[in-house]
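Dear colleague,

Please find below the structure that I am handing over to you. My findings follow directly after it.

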Amino acid sequence: ISAPMLKDFALCDKSKKSYEAILDFLNGKLKKFKIFNLSPMNNKAKNCTKILGKVTGGNLTCIISTIGTPWQINTTKKILLLEDTSVSGYHLDRLLTHMNNSGLFKNIAAIIFGDFGCDVSKILNEFSKKINIPVYKSDNFGHKKNNLPFGYGFDGIIKKENINSFNIEMTPQ
């Protein structure tokens, strides 16, 4: 599970919603995670009404460091959630290009970008237009105030709520 860490609880620097979601899940009060208000970043995403896939992802820099190793991420038919902290635009472009050149976007179901610690919207928009995969953006997970949890290997479903808003529900298998 990607969620606020223990140090975040001690520092009280995340939103109440972020803490409640992970605590309610761990206490059995919450059976699945939800992230609302996904914004479609390309036409492929806007035109989808439902996308199914196992959830994977995490910190982009960490994922890149596993390429070519036995621990390389498997993205086939997955919904990939990516975030990072204070990554510059040129560095983000290089990381996404490397992932794409490594074939990790070849058979993917969708990508959801979270928070990157700074404004990299120009790079994310350019990338989203070039790739033939549904791409969404959310400010509800990453390293800022909102850090809603998501579960690795959970069954994910992205659903269209209205013309420009989508949600993802993630349920343990």
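I begin with a helix pair: Gly89, Leu92, Asp93 and Leu96 in helix 5 meet Ile123, Leu124 and Phe127 in helix 6. Please bear in mind throughout that this is a predicted model. The axes of these two helices, helix 5 and helix 6, come within 9 Å and cross at roughly 25 degrees. Because angles under 35 degrees count as roughly parallel, helix 5 is roughly parallel to helix 6. The crossing in which helix 5 passes helix 6 is right-handed.

Both helices also contribute to the largest nonpolar core, which has 26 residues. Within this core, Leu82, Met99, Phe105 and Phe113 touch the most other members. At least two residues each come from helix 4 (60–64), strand 3 (78–83), helix 5 (89–101), strand 4 (110–113) and helix 6 (121–130). Helix 5 gives the most to this core, namely four residues. Methionine 99 illustrates the packing: leaving aside neighbours within four places in sequence, methionine 99 is in contact with Leu60, Ile63, Ile64, Ile67, Leu80, Leu82, Leu104 and Phe105. There is also a second, separate core of 25 residues, and Leu81, Leu148, Phe150 and Ile168 are included in it.

I turn next to the sheet. Seven strands close into a barrel, with mixed pairing and the order 1-5-4-3-2-6-7. From one strand to the next, the twist averages 40 degrees. Helix 6 packs on the sheet, where it touches strand 4 and strand 5. The direction of helix 6 makes about 170 degrees with that of strand 4. Strand 4 and strand 5 (residues 135–137) run parallel and are joined by three bridges. In this part of the barrel, isoleucine 112 stands opposite tyrosine 136 in strand 5.

Strand 5 is also joined to strand 1 by two bridges, and these two strands run antiparallel. Here serine 39 has lysine 137 in strand 5 as its bridge partner.

How is strand 1 paired with strand 7? Strand 1 (residues 33–40) and strand 7 pair in the antiparallel sense, over four bridges. Phenylalanine 33 has methionine 170 in strand 7 as its bridge partner, and leucine 38 stands opposite phenylalanine 166 in strand 7.

Strand 7 pairs with strand 6 (residues 155–162) as well: seven bridges join the two, which run antiparallel. Strand 6 and strand 7 form a hairpin, with two residues between them. Lysine 160 stands opposite phenylalanine 166 in strand 7. Phenylalanine 166 therefore faces a residue on each side, leucine 38 in one pairing and lysine 160 in the other. Strand 7 (residues 165–171) is largely enclosed by the rest of the structure, because six of its seven residues are buried.

Three individual residues also deserve a mention. Aspartate 8 has its place in helix 1 (residues 6–11). Is aspartate 8 buried or exposed? Its relative accessible area is 5%, and buried means under 20%, so aspartate 8 is buried. Not counting residues up to four places away in sequence, aspartate 8 touches Asp13, Lys14 and Tyr19. The C-alpha atoms of aspartate 8 and arginine 94 are separated by 29 Å, the two residues being 86 residues apart along the chain.

Asparagine 37 is found in strand 1. The phi angle of asparagine 37 is near 60 degrees, a positive value in a residue other than glycine. Exposed means over 50% relative accessible area, so asparagine 37, at 53% relative accessibility, counts as exposed.

Lysine 77 lies in the loop between helix 4 and strand 3. The phi angle of lysine 77 is likewise near 60 degrees, and again the value is positive in a residue other than glycine. With a relative accessible area of 62%, lysine 77 is exposed.

With kind regards

Key
Residues numbered from 1 in each chain as written. Predicted model: local features only at pLDDT ≥ 70, side-chain atom pairs only at ≥ 80, totals over all residues. Heavy atoms only, no water. Core = buried A, V, L, I, M, F, W, Y, C linked by side-chain atoms within 4.5 Å. Buried < 20%, exposed > 50% of the residue type's maximum accessible area, 1.4 Å probe, protein only. Contact = heavy atoms within 4.5 Å. Pairing = 2+ DSSP bridges. Axes fitted to C-alpha atoms, helices over the stretch in contact; angles between N-to-C directions. Parallel < 35°, antiparallel > 145°, perpendicular 65-115°, else oblique. Left-handed = near helix turned anticlockwise from the far one by under 90°.
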